[in-house]
Amino acid sequence: CHDDLNQTPIDPDSTTEEDVFANASQAKGALAKLYASLALTGQQGPAGQPDISGIDEGFSQFSRMLFNLNELTTDQAIVGWGDPGLPDLHGLSWSSGNDFTEAMYYRLAQEVSFTNSFISNAELLADEEVNQFIAEARFLRAFAYYNLMDLYGNVPLTTEISTELPQQASREEIFNFVEEELLEIEDQLADSGANEYGRVDRVAAWALLSRLYLNAESFIGTPRYNDAVTYSEKVINSSYSINTTDANGNGSAYDELFLADNNTNGAQKEFIFTLNFDGIQSQTFGGTTFLVHAAVGGTMNPAEFGINGGWAGNRTTKSFVNKFVKTNAELNASIGPVSDWGIIGNSTPNGWADPDTDMYEASPNVFKIFTELTEGELKFRKNDDWSVSFGGENGNLIPDGDNIIVETTGRVVITLNLNNNTYTIQSIYESLPDARAMFYTDGQTLEINDVSTFEDGFAVTKFRNIDSNGNPGSDSTGDFVDTDLPVIRLAEIYLNYAEATLRGGGGNASRAVNLINELRERAYGNNSANITSGDLDLQFVLDERSRELYWEGLRRTDLIRYEQFTTNQYLWPFKGGVKDGVSAPTYRRLFPIPNDLLTINPNLTQNDGY
Amino acid sequence: QDTVKGTVIGEDSGAIPGVNIIIKGTDKGTTSDFDGHYAIVVEQGQVLVYSYLGFKSQEITYVGQNEINVTMGEDTAILEEVLVIGYGTAKKEDLTGAVDMVSSKDFNKGPINSAQELITGKIAGVNVTSASGSPGDGQTITIRGLGSLSLENQPLYVIDGIPIDNGGVGGSRNPLNIINPNDIESMTVLKDASATAIYGSRAANGVIQITTKKGKDTKEFRYDVSLKRTVRNRLETVDVMSASEFKNLVNNVGTPDQIGRLGDSSTDWQEQIYTEQATGEEFNMSALGNAFGFMPMRASIGYTNQDGILRGDNFTRYTGGLNLTPRFFDDQLKVTLNVRGSYVENIFANRDAIGSAVSFDPTQPIYDSNSPFGGYFAWIDPQTGAQRSLAPTNPVASLNLVDDHSEVRRIITNLQADYDLTEHIKATVNVGYDESNSNGRTITSDQMPTDDQVGGLRNGARTTFSQTQKNKLFDAYLTYENTFNDVHSLTAVAGYSYQKFEYDNYSYDSEKEEQGNTAEFIDRSKNVLLSYFGRANYNYDSRYLLTASLRADASSKLNPDDRWGYFPSFSAAWNIHNESFMDGSDFFNVLKLRGGYGQVGNVNGLGDYNFLTRYTSSQSTANYQIGNSFYQTYRPEPYNEDLKWEVGSTINVGLDYAFLDDKVSGSINAYIKKTEDLIAFTLVDPFTNFGNKIDKNIGDMENKGIEFAINYKAIDTDDWSWNLGYNVSFNDNEITNLPDEQNVGGISGGTGNNIQLHREGETPYSYYVYEQVYDSNGRPIEGVYVDRNNDGVINDDDRYIKENPYADVLMGFNTNLSYKNWDLSVQSRVSLGNYAYNNVASANSYERKATENQILSNLHSDYFNTGFKNITQRGLLSDYHIQDASFFRIDNVTLGYNFNSVSGNTQFRVYGSVQNLLTVTDYDGIDPEISGGIDNNFYPRPRTFVLGLNVDL
């Protein structure tokens with residue numbers, strides 16, 4: 001009977017190490033977990049057998065947390081929910097027990113443990129196919145460590161599973177480990193484009209090196225811009241290419257990158273490393289399900305996003321919106337000469353008092369002005385005098401007619417057309433020429449007064465769960481999203497190249513201009529917005545990164561590299577928890593090591609400031 | 001020497017077989033035969049002692065009578081004195097540990113559905129709380145406070161020697177639903193470790209021994225029939241805004257759009273989901289007697305049918321029991337066979353309705369002829385035609401359109417054989433089997449409001465499950481019993497026990513199948529517990545008592561190196577009243593001093609294979625796409641090779657007393673219970689494991705307390721009798737060692753908020769809150785909290801511990817008054833210092849909730865006290881919502897009348913009873929007695945009226 005004490009699992013879902021590592025095809029299931037643990041949250045989907053405990057399972061998904069830590073802390077995103085610790089992220093006031101900073105640490109450390117265990121078990125198989133699995137596992141471990149280093153700085157460096165409490169390594173040691181690993185596996189990974197969709201090839205290693213080197217000065221104080229240029233070039237010269245297929249025919253090939261069929265609509269050519277989602281078979285409350293649902297609210301129609309309802313959380317700030325819009329003065333200067341015509345009224349900047357706000361002559365008898373309107377009325381008049389004036393309604397001008405009631409407020413472009421006696425008042429955000437400016441403004445205000453109100457701040461429509469034909473994703477309930485999420489895509493590497501070149505990395509400046517223009521031509525659908533080498537400076541690259549890569553998990557790192565994250569060089573609404581924004585202490589550039597972990601592992605030292 | 005003959009009969013004139021007839025001072029004796037006859041050789045002047053368990057002993061001196069016929073009187077006092085203590089019985093006087101028994105005549109009366117309710121408020125230090133007001137629902141019993149943070153906190157239930165599995169089986173509301181309360185003879189509570197250590201690892205939270213009624217050796221069969229009719233009345237509902245109050249609010253704060261959503265109706269949704277009255281009935285019948293002359297037996301059947309006050313809720317139970325206690329070979333072999341079965345049908349009314357009835361807009365109608373959802377009003381998104389995704393579902397629709405049934409079958413059976421190997425040594429073998437089996441299904445109508453879009457899966461849903469749990473027991477032990485020189489008595493037990501627990505669960509989900517996902521799930525596990533145990537009781541002249549026991553337990557849940565746990569106990573008692581120096585004083589009837597120490601282990605509730613490296617494969621909703629295929633993934637599970645027993649040690653000292661001719665009796669106990677190597681699901685460095693939390697031995701906890709119980713027979717005359725019982729217990733529970741704090745106590749409102757904390761130096765589950773700031777009128781100021789650490793910012797570091805859900809003082813008071821054929825009993829309780837978190841108010845009383853999410857939602861009336869506009873994490877976690885929930889409750893009042901014999905031995909009793917008669921509390925929620933302290937969507941406890949009839953013939 002004593003033998004009966006040796007019980008082993010009898011559950012059909014439970015397997016042993018010997019079974020999992022019996023052969024290459026079984027081991028592929030374990031490899032799939034290494035990818036899946038960055039995309040999903042557990043073995044049940046969408047929730048039920050979580051990988052990370054102690055936090056809402058949906059919150060614990062890697063890219064959702066990356067959004068929270070790298071986007072929500074910046075000008076690009078703000079959220080209205082009051083979940084514990086969440087408002088503190090945009091407020092740059094998180095505590096060392098913040099749920100999100102903790103869970104991200106756990107998620108990444110767990111990925112390290114998963115990969116360590118995989119590598120040591122898979123090595124015993126001594127199989128060629130498995131050797132490539134191992135190289136991919138090492139890439140994923142390097143990716144986890146890259147993020148740990150970026151977010152937390154000094155973390156333990158472990159390469160095998162042991163219950164012994166690990167020592168803390170320095171940020172530089174982690175940096176060196178990531179670099180060495182990526183260099184070592186470069187040749188063991190599949191050739192460019194030779195691997196299955198969803199699995200990385202050697203271009204991913206180069207791309208991550210490009211990212212690593214670009215940030216080297218920021219991370220460890222040693223500039224590595226030459227290496228950044230070198231590895232960016234390798235990527236740029238690889239088989240990957242910028243997507244130019246406008247599969248849904250809406251005039252731009254940019255939005256295809258974030259549609260439900262972005263694994264097949266052409267966008268996949270640009271994706272170097274993706275997290276794959278599926279509304280039926282890969283369900284999570286994080287990932288793109290989060291990015292799509294959380295951004296829908298107010299008067300937005302969920303069906304247009306392929307979902308059953310919005311979660312009314314994420315919006316953006318005016319600081320980011322204005323990256324797409326020049327100032328009124330700049331815009332007005334490009335219209336034409338100042339004219340005799342102007343606008344007057346309680347909706348205009350000067351009210352009913354003189355002088356009128358002058359309009360500019362765009363063409364004969366057509367006048368325009370970019371200005372800011374509030375609720376109220378206005379009239380058009382000539383020479384600041386009531387002798388020649390127009391009122392009107394419904395776009396039609398009426399000489400000396402009733403005041404025009406302003407329905408569109410905020411920044412608008414007003415057109416007065418005396419050729420056919422019509423006028424238009426249009427929000428300038430409705431149809432920005434840059435197709436990357438994907439905002440929803442109806443019922444939303446640009447200005448944020450109350451962070452918790454969804455209608456405060458523009459909504460972002462970048463991620464959708466509809467395919468190029470306009471059909472919703474595979475989950476007919478509308479809960480879970482098919483859209484894959486690019487973690488590294490070629491456009492970023494273009495911008496890395498340009499920036500590293502500008503920072504003295506020895507790249508070719510005119511090539512940098514061409515690369516950026518390639519992105520801008522896709523964004524504008526033509527070359528009207530192309531830049532010249534005179535336009536290219538570091539701030540321009542930062543702004544261009546913002547326009548191209550917003551909500552893709554890079555912004556905090558970029559702002560830190562540009563010394564704009566905590567400093568007062570750049571303030572955005574509710575930075576530091578204050579409406580107009582304030583600077584924050586420099587130590588906020590790193591997140592804290594989870595406080596509770598310090599008591600578990602006395603080898604750890606908390607980051608300065610926490 | 002003469003031979004004397006005679007017959008032994010009972011008060012009912014029936015012959016009593018098996019009566020021991022011994023010549024006092026010798027070891028000579030005989031027993032009465034089946035007809036009560038006996039014959040014995042005796043000398044003049046010798047004294048014959050007639051004794052039989054359950055009857056008063058008699059002594060008759062032989063002075064040459066031809067025949068000595070004896071009528072034995074039943075001795076209920078003696079019956080009580082014999083307690084079941086685990087692998088044996090003992091007289092109360094001989095016990096050394098803290099053990100209390102409540103026998104059937106002292107059980108709580110009235111609408112009792114479960115065994116636990118029989119002893120609510122009866123025993124100091126034993127707290128019984130019902131989970132809700134739903135019929136047949138679970139009861140939480142805690143004995144002397146919490147013993148563990150994450151493992152099982154319930155006591156071990158032992159029914160007729162079978163330790164049952166009290167992990168709830170799916171679809172079952174209460175593990176003790178197996179047993180019809182009517183079949184229970186007595187319940188014995190073993191409170192301290194010196195008493196429970198013989199059960200070792202299973203007894204960490206005390207043991208409740210349930211002894212069922214057995215057959216008697218009476219010649220005539222007796223039948224007992226009882227009938228009960230119950231009516232449950234709804235008491236309070238959550239205080240929400242009325243339709244007109246709500247309309248005013250929306251008109252004041254809403255936008256024109258929002259105001260436009262107001263309806264014209266005035267619907268009290270809570271009124272709609274609860275019935276005013278829920279009825280029920282109960283029928284029990286039993287027969288007991290001696291079959292075939294050698295087979296004392298008792299057979300019983302029972303039927304209970306009870307509606308809940310939530311519309312549609314119903315609990316129906318059929319029970320059957322059979323006890324056979326035959327004896328063979330001149331009583332050398334005693335066999336006990338118990339077979340007990342139950343069949344329970346549950347209809348679970350959809351409890352989602354409780355929460356949605358609180359917040360559903362009262363201006364909307366129940367029905368809307370334009371609604372695509374079965375004509376029930378729903379918040380429809382005009383763009384999709386589906387219900388808005390964040391809208392609550394019409395409470396009436398969710399009650400009517402969801403059909404949730406389950407059936408639970410359970411059988412517990414055991415066969416015990418006691419064989420007298422020699423005069424002093426008895427061998428016992430007990431084989432038991434406990435199997436429960438449940439099936440359930442939830443069918444959601446295709447008319448049910450859903451946010452699935454048209455063309456999606458709007459065709460209803462069906463989920464089913466079936467579960468089987470098996471528990472096999474084999475016990476074998478030897479008992480040695482002897483007395484030397486009249487004064488040294490020794491009882492020793494040594495034995496072996498084996499238990500195996502098996503679980504097999506299956507579930508199915510039609511929606512998953514329609515989506516092409518895996519729709520069937522299987523979950524299986526098993527574990528084994530293997531033990532050796534021994535106990536010795538030494539009794540010197542009924543004055544000095546010593547008990548020592550040791551149990552060795554091995555559990556398959558632990559790794560082979562840490563698998564065995566050894567749990568000893570020592571205790572001693574001094575019956576001062578038996579000392580010669582007390583002879584002159586007849587003041588005390590009982591004065592006994594006890595002291596003991598014992599250890600018990602705990603792994604109950606721990607996962608089955610935590611020490612092994614296991615891989616869990618993903619379900620089809622969590623596969624991962626590579627290329628064009630979706631791969632099932634394998635995840636290594638967090639593991640802990642170093643898990644060992646959680647060990648609790650108790651020191652208990654006590655005093656039992658009785659004086660003034662047993663008019664006053666009771667006991668006092670004081671204890672300290674330390675639990676070490678507390679197992680909790682706690683943080684681990686994820687660089688060293690496959691997750692961030694594992695079950696780990698991490699800390700220590702301490703319970704200290706004093707218990708006092710007193711019974712007073714105020715009046716005891718032929719016509720009048722009046723008994724009063726009072727007990728009080730003080731318990732203080734503190735975590736004495738916990739390296740990392742743990743947030744627990746999830747609440748609704750927002751996502752991921754926890755209101756409670758485990759922290760070293762504090763009571764487990766203490767509330768962890770922000771300190772609210774109030775204005776000069778005493779109104780809480782929204783969003784303003786005290787900067788307790790004075791660092792200029794309000795963040796997590798400003799939270800503090802305020803109170804906890806556990807009472808500092810619990811009291812029970814009960815009284816029985818009878819006059820001639822009338823009897824009246826009252827049972828009441830007091831709980832002091834227990835605090836509750838009013839989650840219903842905190843999550844539903846902020847203004848924005850009324851109009852957000854493009855729907856309207858009703859508010860809790862606490863809004864009028866606060867005027868809060870927004871929900872925030874800090875607002876939810878404000879100490880404003882922590883309220884003193886101390887209470888006084890009259891649980892039960894019963895008035896009965898016993899008719900004198902109508903014919904022959906037939907007896908009638910009629911009684912009426914009210915349960916939950918009165919609650920006095922300052923707490924604002926609907927009920928202050930909330931297990932765990934978080935008051936949210938609580939199923940209200942009704943007031944229950946019972947009319948009952950017992951016939952004994």
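**Two chains, their contact and their cores**

Let me begin at a single pair of residues, where A:Thr15 has B:Tyr615 as its bridge partner in strand E31 of chain B. This is a predicted model, and I will describe it on that footing. The bridge belongs to a pairing between strand E1 of chain A, residues 14-15, and E31 of chain B, which run in the antiparallel sense over 2 bridges.

From there I would widen the view to the contact between the chains, in which 76 residues of chain B touch 83 residues of chain A. On the side of chain B, the elements that give two or more residues are strand E27 (520-540), strand E31 (615-617), strand E32 (624-626), strand E33 (629-631) and strand E34 (634-636). Of these, E27 gives the most, with 8 residues. What is the make-up by class of the side of chain B that touches chain A? That side has 36 polar residues, 25 nonpolar and 15 charged.

Let me turn to the interior. The largest nonpolar core has 187 residues, and those with the most contacts inside it are A:Phe139, A:Ala204, A:Leu208 and A:Tyr494. Helix H6 of chain A, residues 128-152, gives the most to this core, with 16 residues. If we take A:Tyr494 and leave aside its neighbours within four places in sequence, we find it in contact with A:Ile236, A:Leu515, A:Ile516, A:Glu518 and A:Leu519. A second, separate core has 65 residues, including B:Phe246, B:Phe377, B:Leu877 and B:Ile930.

As for the domains of chain B, domain 1 covers 2-74, while domain 2 is assembled from 222-299, 309-374, 382-606 and 661-952. Taken over C-alpha atoms, the centres of these two domains of chain B are 49 Å apart.

I will finish with some details of the backbone. In chain A, the peptide bond from A:Gly45 to A:Pro46 is cis, with omega near 0°, and A:Pro46 sits in the loop between helix H2 (24-39) and helix H3 (62-70).

Two aspartates also deserve a word. A:Asp400, in the loop between strands E10 (396-399) and E11 (404-406) of chain A, has a positive phi, near 50°. Is A:Asp400 buried or exposed? It counts as exposed, because it has 12 C-beta neighbours inside 10 Å. In chain B, B:Asp486 has a phi near 65°, again a positive value in a residue other than glycine, and lies in the loop between strand E25 (461-484) and strand E26 (488-509). B:Asp486 has 8 other C-beta atoms within 10 Å and is therefore exposed.

How values were computed: Residues numbered from 1 in each chain as written. Chains lettered and ligands numbered in written order. Predicted model: local features only at pLDDT ≥ 70, side-chain atom pairs only at ≥ 80, totals over all residues. Domains from an automatic or database assignment. Core = buried A, V, L, I, M, F, W, Y, C linked by C-beta atoms within 7 Å. Buried ≥ 20, exposed ≤ 12 C-beta atoms within 10 Å, placed from the backbone. Helix = DSSP H or I, 4+ residues; strand = E, 2+ residues; numbered from the N terminus. Contact = placed C-beta atoms within 7 Å. Nonpolar A, V, L, I, M, F, W, Y, C, P; charged D, E, K, R; others polar. Pairing = 2+ DSSP bridges.
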